[in-house]
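Morning, everyone. Please have a look at the chain on the screen, and then I'll walk you through it.

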Amino acid sequence: VDCRDLLLGFASRADAHALAAMARDLIETGLPWTYRADRIARMIGSDESIALVAREGARPVAFAIMSFGDERAHLVLLAVQPSHQRRGVGRRMLDWLQDSASVAGVASWHVELRADNHRAFRLYRTMGFAETFRVPGYYSGRETAVRMVKVLRAPGTAPAIVWQPPAIDAR
Ligand SMILES: CC(C)(COP(=O)(O)OP(=O)(O)OC[C@H]1O[C@@H](n2cnc3c(N)ncnc32)[C@H](O)[C@@H]1OP(=O)(O)O)[C@@H](O)C(=O)NCCC(=O)NCCS
């Protein structure tokens, strides 16, 4: 399957169970399951987050959730089913979220990941994230988190894009 054959769209509350199962199996593997369906459903319904799903037919095969405030956005969850990994799906979802964050005027985009997650680390590096620092014991007191950030614009300044009325073609 080409990643462009997958349909990318906003998640609905009906997706919450499927996404929570992906969080448990693909992201929180070996750790307590904290992103359960009710928590995911709240994020799907929130004005302060964007939840994306990539579907093959009706079946979710990947998802990403980003929360944002005025200056900062946070990539909360990202997962692609193993059958669909390494085909650009993760990257495509991140591109979408980055465009949304930029349009919203967000200054910086943050993510943290488990220190042994080399695939995700490489993906974020490819996307232009840089490592800031490590937090030992961040995950259930057991595992180190790596924090990464991508600067989208200088903080405190207005977004660079200024709307201009279309020029009237005088002839
Ligand atoms: C991390 C994850 C989301 C990547 O999704 P994906 O759709 O497979 O990633 P993409 O195909 O868009 O890959 C983009 C780039 O990331 C890097 N990358 C992704 N998977 C990789 C792998 N297995 N080995 C090396 N690099 C990898 C590469 O730079 C890749 O670019 P390339 O294929 O042109 O070399 C996916 O592996 C996943 O769901 N893992 C389990 C859940 C998880 O770790 N989530 C992140 C929690 S913070």
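What share of the residues of the chain count as buried? The answer is 40%, out of 171 residues. Keep in mind that this is a predicted model.

Now the fold. We have four helices and seven strands. Going along the sequence, the order reads β-α-α-β-β-β-α-β-α-β-β. The C-alpha trace spans about 70 × 40 × 30 Å along its principal axes.

Next, contacts. Take the contacts with a separation of 6 or more. Of these, 60% join residues 24 or more positions apart.

On to the surface. About 10100 Å² of the chain is exposed. Carbon and sulfur atoms make up 54% of that area. As for charge, I count 23 positive side chains and 18 negative ones. The centres of those two sets are 5 Å apart.

Now the pockets. How big is the largest pocket? Its volume is about 1200 Å³. The lining takes in 39 residues. Nearest the centre of the pocket are Leu 78, Asn 117, Arg 119, Ala 120 and Tyr 124.

Which elements give two or more residues to that lining? Among the helices, they are H1 (16-27), H3 (89-103) and H4 (118-126). Among the strands, they are E4 (72-80), E5 (108-114) and E6 (130-139). Strand E4 gives the most, with seven residues.

So if you have the model open, go to the pocket and find strand E4, the top contributor to its lining. That's it from me.

Technical notes: Residues are numbered from 1 along each chain as its sequence is written. This is a predicted model: local features need pLDDT of at least 70, side-chain atom pairs count only at pLDDT 80 or more; totals for chains, interfaces and linings use all residues. Side-chain values use heavy atoms; hydrogens and water are left out. Buried means under 20% relative accessible area, exposed over 50%, partly exposed in between (1.4 Å probe, protein chains only). Contact means heavy atoms within 4.5 Å. Accessible areas come from the Shrake-Rupley method with a 1.4 Å probe; for residues, only the protein chains shown count as cover. Lys and Arg count as positive and Asp and Glu as negative; His and the chain ends are not counted. The place of a charge is taken as NZ of Lys, CZ of Arg, CG of Asp or CD of Glu. On a 1 Å grid over the protein atoms alone, a cavity is a set of points where a 1.4 Å probe fits but cannot get out, and a pocket is an open set with protein on both sides within 12 Å along at least five of seven lines; lining residues have an atom within 4 Å of a point. Grid points are joined across faces, edges and corners, and a volume is the space filled by probe spheres set on the points.
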